[in-house]
Amino acid sequence: DEDCKEDHGHGGHGTKRSHGHADGHGHGAKKSRHDSRVNSMALVKEGEILPNKLGPFMQTLGTLPPEKGVIFRIKGILAIRGHPYKHVFHAVMDVSDEDDADPWAEGEKKVTKLVFIGKDLDKEFIRKGFEAIFEP
């Protein structure tokens, strides 16, 4: 807009200094598409997961009550006791997939890493559940 008097920090409208921006940028309040309640968390722990505790933990995550948040995505590499391979887990909403990756190398520290993306996540609830699936 040639008549605009607002300074948008790039030398004005319609000038040769306009850095390729489209006209009409930012006149009036525009709501952000980003929801501040959507966040992520990562959990990392050395040690081995007890196989009999893994299923119930994953089931709890899959049926999380609304007051504990909504999980959109989980990605992780799991170290499971008695399992010679790194176990890869991936879930998007209610669809999950898992598979074995490379074997743990001789002397390699067995570390589990899980990343969660969700909305209004009760991080302490998820962290306590995560801690409870490991060998004492």
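Val-38 sits in strand β1, which covers residues 38–46. The model is predicted. The protein chain has two helices and five strands. Along the sequence, they follow the pattern β-α-β-β-β-β-α.

**Strand β1: Val-38**

- Val-38 is partly exposed, with a relative accessible area of 35%.
- That value lies between the 20% limit for buried and the 50% limit for exposed, so Val-38 counts as partly exposed.
- Val-38 belongs to a nonpolar patch on the surface, together with Val-115 and Ile-117.
- The accessible area of Val-38, Val-115 and Ile-117 together is about 190 Å².
- A residue needs over 30% relative accessible area to join a patch, and Val-38 has 35%.

**Strand β1: Leu-43**

- Leu-43 also lies in strand β1.
- Leu-43 has a relative accessible area of 4%.
- Buried means under 20%, so Leu-43 counts as buried.
- Setting aside residues up to four places away in sequence, Leu-43 touches Thr-112, Lys-113, Leu-114 and Phe-116.
- Under that condition, Leu-43 also touches Ile-126, Arg-127 and Phe-130.
- Leu-43 and Lys-123 are 80 residues apart in sequence. In space, their C-alpha atoms are 9.9 Å apart.

**Aromatic rings**

- The count of aromatic pairs comes to one.
- Phe-130 and Phe-134 form this pair, and its geometry is edge-to-face.
- The ring centres of Phe-130 and Phe-134 are 5.1 Å apart, and the planes meet at 75°.
- Edge-to-face applies to planes over 60 degrees apart, so the 75° of Phe-130 and Phe-134 fits that class.
- Phe-130 and Phe-134 are both buried.
- Phe-130 is also one of the residues that Leu-43 touches.

**Lysines over rings**

- Lys-45 lies over the face of Phe-134, at 5.5 Å from the ring centre.
- Phe-134 therefore has two ring partners to note: Phe-130 in the aromatic pair and Lys-45 over its face.
- Lys-86 lies over the face of Trp-104. The distance from the ring centre of Trp-104 is 5.3 Å.

**The chain as a whole**

- The protein chain has 136 residues, and buried residues make up 25% of them.
- Consider contacts between residues at least 6 apart in sequence: 61% of these join residues at least 24 apart.
- The protein chain exposes about 9,500 Å².
- Carbon and sulfur atoms supply 51% of that exposed area.

Definitions and conventions:
Residues are numbered from 1 along each chain as its sequence is written. This is a predicted model: local features need pLDDT of at least 70, side-chain atom pairs count only at pLDDT 80 or more; totals for chains, interfaces and linings use all residues. Side-chain values use heavy atoms; hydrogens and water are left out. Patches are made of residues with over 30% relative accessible area and no salt bridge: like charges are joined within 9 Å, nonpolar side chains (Val, Leu, Ile, Met, Phe, Trp, Tyr) within 5 Å. Accessible areas come from the Shrake-Rupley method with a 1.4 Å probe; for residues, only the protein chains shown count as cover. A salt bridge is a side-chain nitrogen of Lys or Arg within 4 Å of a carboxyl oxygen of Asp or Glu. Helices (H or I, at least four residues) and strands (E, at least two) are DSSP runs, numbered from the N terminus. Buried means under 20% relative accessible area, exposed over 50%, partly exposed in between (1.4 Å probe, protein chains only). Rings of Phe, Tyr and Trp (its six-membered ring) pair if their centres lie within 6.5 Å; planes under 30 degrees apart count as stacked, over 60 as edge-to-face and the rest as tilted. A charge sits over a ring if NZ of Lys or CZ of Arg is within 6 Å of the ring centre and within 35 degrees of the ring normal. Contact means heavy atoms within 4.5 Å.
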